[in-house]
Amino acid sequence: MVASSLSDARVLVRGGSGLIGNAIVRRLVADDCRVTAVGRRRDRPVNLRDIDVAYVAAGIDDRGRVEGLVGSHGVLVGGAAPYPLNLFHVTTAAERDPVAHAKARMEGLLSSAHRHDVALAYVGTPKLRPSSELREAQSRFVQRLQPYFEVKKILEEQVRAATHGGLRTVVVRPSASFGPWDVKPREQCWLPALVRGEIPLVLQHRVNVVDSRDVADALVGALGDANYGTDIAVLGRNTSTEELFSLTCDIAGVDRPRLSMPAELGVFPALFAELAWAFVGKPSPLPSLVLMLLCEQQWADGSTARNARPLVDTVRDALTWYRGLGYC
């Protein structure tokens with residue numbers, strides 16, 4: 001049973017080497033929890049090497065191994081879901097039918113959590129309303145096209161049903177998140193690409209951005225207070241891609257991109273480019289999902305969330321981390 005304090009609690013974090021997952025792991029360790037991080041990499045990821053956590057390697061299809069770990073922990077943290085990054089270049093069974101695969105995986109985890117009376121903390125998606133009819137129409141189109149959105153919708157429905165069924169849950173819904181400790185491949189990281197001059201233009205869009213550490217604070221805080229059944233929007237600061245890129249370039253001491261265009265205009269060219277790359281048997285270097293996710297973001301109500309880290313600190317810390325990796 002999880003007490004009001006998480007000190008000495010055993011916590012299983014699925015996706016513990018991911019951006020938000022790693023921030024959660026570090027916050028839990030700071031709260032004296034005993035943490036097991038689960039990730040897809042065979043070797044211990046670099047962002048887990050400087051903290052005292054157990055690491056278990058489990059691939060997308062290794063569902064049973066993760067479910068078997070649930071019973072030895074008091075809390076399960078999850079949010080990672082299998083989906084094809086490239087729509088037209090799929091290589092695994094999970095990517096060919098991501099909805100069915102993700103649904104089955106979540107069913108197994110929820111069943112284990114129920115059976116062992118384990119609390120669940122889930123990282124969901126923000127509830128944002130499109131700012132115009134055009135953006136709403138485009139949002140409906142991309143959500144039908146890209147299975148990522150259907151996967152997340154189904155997983156959230158499963159968690160909601162489990163909550164109604166008596167499972168102790170905490171759900172956090174962060175806006176666009178970034179920060180230190182990201183270990184995605186360099187080509188998937190916008191900040192190093194921007195600093196290296198590899199982004200020729202700014203895709204204009206209004207966004208609310210939140211530090212991944214603020215997401216971790218909200219999730220772990222709710223667990224520590226035993227605020228089960230809560231559904232928390234974790235918001236940061238309203239800004240724009242132009243402002244964010246300008247701030248990043250100023251901190252890094254590099255020139256800003258001179259060209260710009262609305263982000264919505266980039267989705268369909270990215271889709272066609274992705275299809276062209278698939279014809280030659282390769283994944284697109286700029287998956288359309290990246291632009292789709294950007295276009296799904298909007299400003300949040302209010303200009304600044306309470307206790308949000310200053311954006312300049314988030315950019316500076318992320319830049320320091322990427323430089324340490326040799327990404328920029």
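A helix crossing is left-handed if the near helix is turned anticlockwise from the far one by less than a right angle, and right-handed if clockwise. That term is needed at the second stop of this tour. The model is predicted, so local features need pLDDT of at least 70 and side-chain atom pairs pLDDT 80 or more, while totals for chains, interfaces and linings use all residues. Residues are numbered from 1 along each chain as its sequence is written, and side-chain values use heavy atoms, without hydrogens and water.

**The sheet**

Begin by selecting the seven strands of the open sheet, which follow the order S3-S2-S1-S4-S5-S6-S10 with parallel pairing. Strands (E, at least two residues) and helices (H or I, at least four) are DSSP runs numbered from the N terminus; two strands pair if DSSP finds at least two bridges between them. At the edges stand S3 (54-57) and S10 (230-234); each has a single partner strand, so one side of each lacks a neighbour in the sheet. From one strand to the next, the twist averages 15°.

Now step through individual pairs. S1 (residues 10-14) and S2 (residues 34-39) run parallel and are joined by five bridges. Select Leu12 here: Thr36 in S2 stands opposite Leu12, and in S4 the bridge partner of Leu12 is Leu76. Three bridges link S1 to S4, again parallel.

Move on to S4 and S5, which run parallel with four bridges between them. Two residue pairs to display are Val75 opposite Ala119 and Val77 opposite Ala121. The parallel pair S5 and S6 is likewise joined by four bridges, and Leu120 stands opposite Thr169 in S6.

Colouring by accessibility is useful at this point. Buried means under 20% relative accessible area, exposed over 50%, and partly exposed in between (1.4 Å probe, protein chains only). From S4, Val75 and Val77 point one way and Leu76 and Gly78 the other, and all are buried. In S5, five of its five residues are buried. Its two faces are both covered, with Ala119, Ala121 and Val123 on one side and Leu120 and Tyr122 on the other.

**Helices H4, H8 and H1**

Add H4 (residues 98-116), which lies across S1, S4 (75-78) and S5 (119-123) and runs at about 175° to S1. Angles run from 0 to 180 degrees between N-to-C directions, and axes are lines fitted to C-alpha atoms, for helices over the stretch in contact. Contact means heavy atoms within 4.5 Å. Next, show H8, which packs on the sheet and touches S4, S5, S6 (169-174) and S10; its direction makes about 160° with that of S6.

Keep H8 (residues 212-224) in view and select H1 (residues 19-30): the two pack at an angle of about 55°, with their axes 8 Å apart. H1 is therefore oblique to H8, a class left over once angles under 35 degrees count as roughly parallel, over 145 as roughly antiparallel and 65 to 115 as roughly perpendicular. The crossing of H1 past H8 is right-handed. Show the side chains where they meet: Leu19, Ile20, Ala23, Ile24, Arg27 and Leu28 come from H1, and Ser212, Arg213, Val215, Ala216, Asp217, Leu219 and Val220 from H8. By class, this contact has nine nonpolar, one polar and three charged residues. Ala, Val, Leu, Ile, Met, Phe, Trp, Tyr, Cys and Pro count as nonpolar, Asp, Glu, Lys and Arg as charged, and the others, Gly among them, as polar.

**Two loops with positive phi**

Which loop holds Asp117? Select the loop between H4 and S5 to find Asp117. Asp117 has a positive phi of about 55° although it is not a glycine, and it counts as partly exposed because its relative accessibility is 41%. Go then to the loop between H8 and S10, the place of Ala226. Phi of Ala226 is near 55°, again positive in a residue other than glycine; with a relative accessible area of 30%, Ala226 is partly exposed.

**Val183 and H11**

Select Val183 in the loop between S7 (176-178) and H7 (190-195). Is Val183 buried or exposed? Its relative accessibility is 11%, so Val183 counts as buried. Not counting residues up to four places away in sequence, Val183 touches Ser17, Arg41, Val46, Asn47, Trp321 and Tyr327. A distance label from Val183 to Leu167 should read 32 Å, C-alpha to C-alpha, for a separation of 16 residues in sequence.

The last stop is H11 (residues 288-296), a mostly covered helix in which seven of its nine residues are buried. Those to select are Ser288, Leu289, Leu291, Met292, Leu294, Cys295 and Glu296.
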